[in-house]
Amino acid sequence: GGGGHAHMGGEEGQIQKAKAVASFEDITGCDGDIAIQYLEASGWNVEVAVDAFLTGSTPAPPQHAARPSHPRQEQQHGGGGHHGNHQRRRDQPEEALLLDFSTPSDPLPPLAEEPPPKEKETIEWRGVEHWLQGLQLDKYADILKTQELTDPDALRDVTDEDLKEMQVGTIGARRKMLAAIRRLNEANILMVEAPEAPLRGAHPP
């Protein structure tokens, strides 16, 4: 009698191990050899073995594996009615694990990083002579008039090479003029009629 009972217990243990391997395979999708390797290392605790497999760590037997009541608890988990529930419980953390690694799609950059739009400078245009007087370069007024560079639109694309060709001899004068032209390009130009002649249309009534 006693021997038969012990033999029966051994068979139950084998069945229990087979169910543990099957559970491990269902949850992880790996083959039986890997299942047995992880299960043996974790004291045939399916949850510990699956956690170890999913996290890529080496499985360690749970602290309570030595308790005599543990195989009975495993048997209850492995019973037919509980097996489906057990597997669903294992699937949920796995899904959560996958969600943790998902990346948000193209997050919008924070608006604070954009600099506020700069207020444009307003420059009153009273003619090329007046403009050059402000730069203390009025001696070049005749040269610009000869080249018909008498308003901001005409001056917009003037380069250092152009100024050299127009006999604006000194580097300092050319740099000063080019810097002033850049300011004109970036500013709002307020056309003010010069005393000697209107630049835009006739005198107002």
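Buried means under 20% relative accessible area. That cut-off applies to every view below of this predicted model.

**View 1. The whole chain, with 10 helices and 2 strands.** From the N terminus on, the order of elements is α-α-α-α-α-β-α-α-α-α-α-β. The chain has 205 residues, and buried residues make up 26% of them. Its accessible surface comes to about 14,400 Å². Carbon and sulfur atoms hold 53% of that surface. Among contacts with a separation of 6 or more, 48% join residues 24 or more positions apart.

**View 2. Helix α3 and its buried residues.** Four names to find here are V46, A49, V50 and A52, the buried residues of α3. They lie on the same side of α3, because they cover an arc of only 160° around the axis.

**View 3. The two ends of helix α3.** What caps the N-terminal end of α3? The cap is N45. A side-chain oxygen of N45 lies 3.1 Å from the backbone nitrogen of E47. Beyond the helix comes G56. The phi of G56 is positive, near 75°.

**View 4. The aromatic pair F24 and F53, one of 4 aromatic pairs in the structure.** The ring centres of F24 and F53 are 5.7 Å apart. The planes stand at 75°, so the pair is edge-to-face; the cut-off for that class is over 60 degrees. This pair links distant parts of the chain. F24 belongs to helix α1 (residues 2-28), and F53 to helix α3 (residues 46-55). The two residues are 29 residues apart. Is each ring residue buried or partly exposed? F24 counts as buried because its relative accessibility is 0%. F53, at 28% relative accessibility, counts as partly exposed.

**View 5. The aromatic pair W125 and W131.** Here the centre-to-centre distance is 5.7 Å, and the angle between the planes is 45°. The pair is tilted, since tilted pairs fall between the stacked limit of under 30 degrees and the edge-to-face limit of over 60. W125 has a relative accessible area of 1%, so W125 is buried. W131 counts as buried too, at 11% relative accessibility.

**View 6. The ring cluster of F24, Y38 and F53.** Which residues do ring pairs link into a cluster? They are F24, Y38 and F53. F24 and F53 are the edge-to-face pair of View 4. Within this cluster, F24 is buried at 0%, whereas F53 is partly exposed at 28%.

Conventions
Residues are numbered from 1 along each chain as its sequence is written. This is a predicted model: local features need pLDDT of at least 70, side-chain atom pairs count only at pLDDT 80 or more; totals for chains, interfaces and linings use all residues. Side-chain values use heavy atoms; hydrogens and water are left out. Rings of Phe, Tyr and Trp (its six-membered ring) pair if their centres lie within 6.5 Å; planes under 30 degrees apart count as stacked, over 60 as edge-to-face and the rest as tilted. Buried means under 20% relative accessible area, exposed over 50%, partly exposed in between (1.4 Å probe, protein chains only). Contact means heavy atoms within 4.5 Å. Accessible areas come from the Shrake-Rupley method with a 1.4 Å probe; for residues, only the protein chains shown count as cover. The arc is that of the directions from the helix axis to the C-beta atoms. A polar contact is a pair of N or O atoms within 3.5 Å; within protein, one must be able to donate a hydrogen and the other to accept it, and residues adjacent in sequence count only if both atoms are side-chain atoms.
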